[in-house]
Amino acid sequence: MTIFDQILPAVAEVLEAQRRQLTQLDWLVINRDLNGRVRFIAPENVETDDVLRESLQALYQVLAGRICPHAYEAEVSVLYDVDLETACAGGARRLLQGFDHVWVVDRLATEGNWTQIAPETVGAPRVVFFSIKGGVGRSTALAACAWKLAQLGKRVLVLDLDLESPGLSSSLLPAGRQPMYGITDWLVEDLVDNADSVLDGMVATSDLSRDGQIYVVPAHGAEPGEYVLKLGRIWMPKVSDDGSRETWSARLQRLLQMLEVRTQPDVVLIDSRAGIDEVASACVTDLGANLVLLFAFEGSQTWTGYRILFEHWRQGGVAPQIRERLRHVAAMIPEVDRIAYLAGLRERAYRVFSDTLYDDIPPPDPGTISYERVGGHAVWRVGEVVEGWNFDEADEGAPHYPWVVHWHRSFAGLQSLQGRLAVIDDAEVNSIFGPLIDGVRGILHD
Ligand SMILES: Nc1ncnc2c1ncn2[C@@H]1O[C@H](COP(=O)(O)OP(=O)(O)OP(=O)(O)O)[C@@H](O)[C@H]1O
Ligand SMILES: [Mg+2]
């Protein structure tokens, strides 16, 4: 019996054997529905051409024999549509490997498919704090970054988008300063065109900032209210009277733009949910992030998770769109055996990045060839110019090369991060979070 992972290799094999026949089609869509069943969608002109139609249906029957439980009955196995755009509507498409006009479209129960990468934002830089596993110190590092950037006179907008497990705002705001509403309220009210009622009441300013300003937008307000029941509705797309549909992540993007207009930040720090999750997908891929921080511990589970995600980007053909924005953060580096620990982490990260996101060309050898970066791309010369994207393991400018956050006992098992940050000083912040903060500062517009 064919299982899900065997479908696309089988499709590619069957189509390869009939490549000549396929040249008669302007395009073909391999549509995998919510249950993982496959159909063809072909241009309308095929339906009215008896020879073409019958040969395509015969082709489908060969495929059906290969992927059986994932196939449709003959009568409903091929659909026809006016054009490729309409055929793919509502799903992300990617080319079937080895073909230039056969597209694969996956219909998912969730909208977070991770392969629609919004272009980088051109306004205030947006930085996403993401990790595969939870509890790695993401929120703490974000709060420390906000603290330091505000010390430097920056206006920092902080969004708590760890909606299923909120808490960041309480680390930046004492109880009395929590705003009335949060992101979840806005997303729910927006569905009934009532979002303006909550927008003014969802931003609070932190009293931790001296020279700059920290604007905090929490997941929920001071009174969470019926939080679980609101959370269950935030995913909803908004359908307007004219039938147009706005996905929930597009709504979130709209909210962020409005918050930026109100707060005029120099930088936006976004606390994402951990894991391969739908809200995390919105944060990492849909909000036009300029920098995505990938927090990691040494441990096989972390790297297995990152490998799955990176491989998905590679197969979806979007690695070049996202990889330049990524940066590995070595989370909570232990006090003992630091150097060996870090070397192990860097090596592990390098293996995962180079197997999936880096180009399959030799990394530059700094000793023998001249090498420079142009627009974020590594370009090197060996007699002729070779353009590509690969790095040496020891290249500090590479995405796999970790920015370090040190484990520090004063942060372990804290009762109140807000209380801790209220008494922290510059030297302490720098010694624990310095490389990370410097890295974030590096992408700010001056
Ligand atoms: N640099 C650090 N040194 C020591 N302990 C830390 C450090 N950073 C965070 N911690 C502690 O580790 C725990 C997890 O931190 P934090 O909540 O910031 O992680 P997180 O990745 O945001 O977790 P979650 O996935 O639950 O949101 C907390 O108890 C925190 O006080
Ligand atoms: Mg957190």
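Two strands count as paired here if DSSP finds at least two bridges between them. Keep that in mind for the tour of this predicted model.

**Stop 1: the whole chain**

Colour the chain by domain. Domain 1 covers residues 4-106, while domain 2 is made of two stretches, 126-357 and 399-441. Their C-alpha centres are 40 Å apart.

**Stop 2: the sheet of domain 2**

Start with strand 6, residues 126-131, and add strand 13, residues 291-296. These two run parallel and are joined by 5 bridges. Click on Val127 and look across to strand 13: the residue standing opposite is Leu291.

Now bring in the rest of the sheet. It is open and has 8 strands, ordered 8-9-7-12-6-13-14-18, with mixed pairing. What stands at the edges? Strand 8 (204-205) and strand 18 (403-406) do. Each has a single partner strand, so one side of each is left without a neighbour in the sheet.

Next, show the helices that pack on this sheet:

- Helix 11, residues 248-263, touches strand 7 (155-160), strand 9 (213-217) and strand 12 (267-271). Its direction makes about 150° with that of strand 7.
- Helix 17, residues 426-441, touches strand 6, strand 13, strand 14 (326-333) and strand 18. Here the angle is about 150° with the direction of strand 18.

**Stop 3: the ligand**

Select ligand 1 and show what surrounds it. You should get a shell of 20 residues, and the closest are Gly134, Gly137, Arg138, Ser139 and Thr140. Which helix gives the largest share of the shell? That is helix 6, residues 138-151, with 3 residues. Colour the shell by residue type and you'll find 9 nonpolar, 9 polar and 2 charged residues.

**Stop 4: the sheet of domain 1**

Swing over to the open sheet of 5 strands, in the order 3-2-1-5-4. The pairing is mixed in this sheet. Its edge strands are strand 3 (78-81) and strand 4 (93-95), each paired on one side only. Direction ignored, neighbouring strands are turned by 30° against each other on average.

Select strand 1, residues 28-32, and try both of its partners:

- With strand 2 (residues 38-43), strand 1 pairs in the antiparallel sense over 4 bridges. Val29 has Ile41 as its bridge partner in strand 2.
- With strand 5 (residues 102-106), strand 1 pairs in the parallel sense over 5 bridges. Ile30 has Val104 as its bridge partner in strand 5.

While you have these strands on screen, recall that in a regular strand the side chains alternate between the two faces of the sheet.

Move on to strand 4, which runs antiparallel to strand 5 and is joined to it by 3 bridges. Leu95 stands opposite Trp103 in strand 5. The two strands form a hairpin with 6 residues between them. Pick out Gly98 in the turn: it has a positive phi of about 90°.

**Stop 5: two helices in domain 1**

Add helix 4, residues 50-67. It lies across strand 2 and strand 3, running at about 165° to strand 2. Then add helix 1, residues 7-17.

Two packed helices are described by the angle between their axes and the distance between the axes. For helix 1 and helix 4, the axes come within 10 Å and cross at roughly 145°. Is the crossing left-handed or right-handed? Helix 1 passes helix 4 in a right-handed crossing.

To finish, show the side chains where the helices meet. From helix 1, pick Ile7, Ala10, Val11 and Val14; from helix 4, pick Val62, Leu63, Arg66 and Ile67. The residues of this contact divide into 7 nonpolar, no polar and 1 charged.

Notes: Residues are numbered from 1 along each chain as its sequence is written. Chains are lettered from A and ligands numbered from 1 in the order in which they are written. This is a predicted model: local features need pLDDT of at least 70, side-chain atom pairs count only at pLDDT 80 or more; totals for chains, interfaces and linings use all residues. A residue is near a molecule or strand if its C-beta atom, placed from the backbone, lies within 6 Å of it. Ala, Val, Leu, Ile, Met, Phe, Trp, Tyr, Cys and Pro count as nonpolar, Asp, Glu, Lys and Arg as charged, and the others, Gly among them, as polar. Domain bounds come from an automatic or database domain assignment. Axes are lines fitted to C-alpha atoms, for helices over the stretch in contact, and angles run from 0 to 180 degrees between N-to-C directions. Two residues are in contact if their C-beta atoms, placed from the backbone, lie within 7 Å. A crossing is left-handed if the near helix is turned anticlockwise from the far one by less than a right angle, and right-handed if clockwise.
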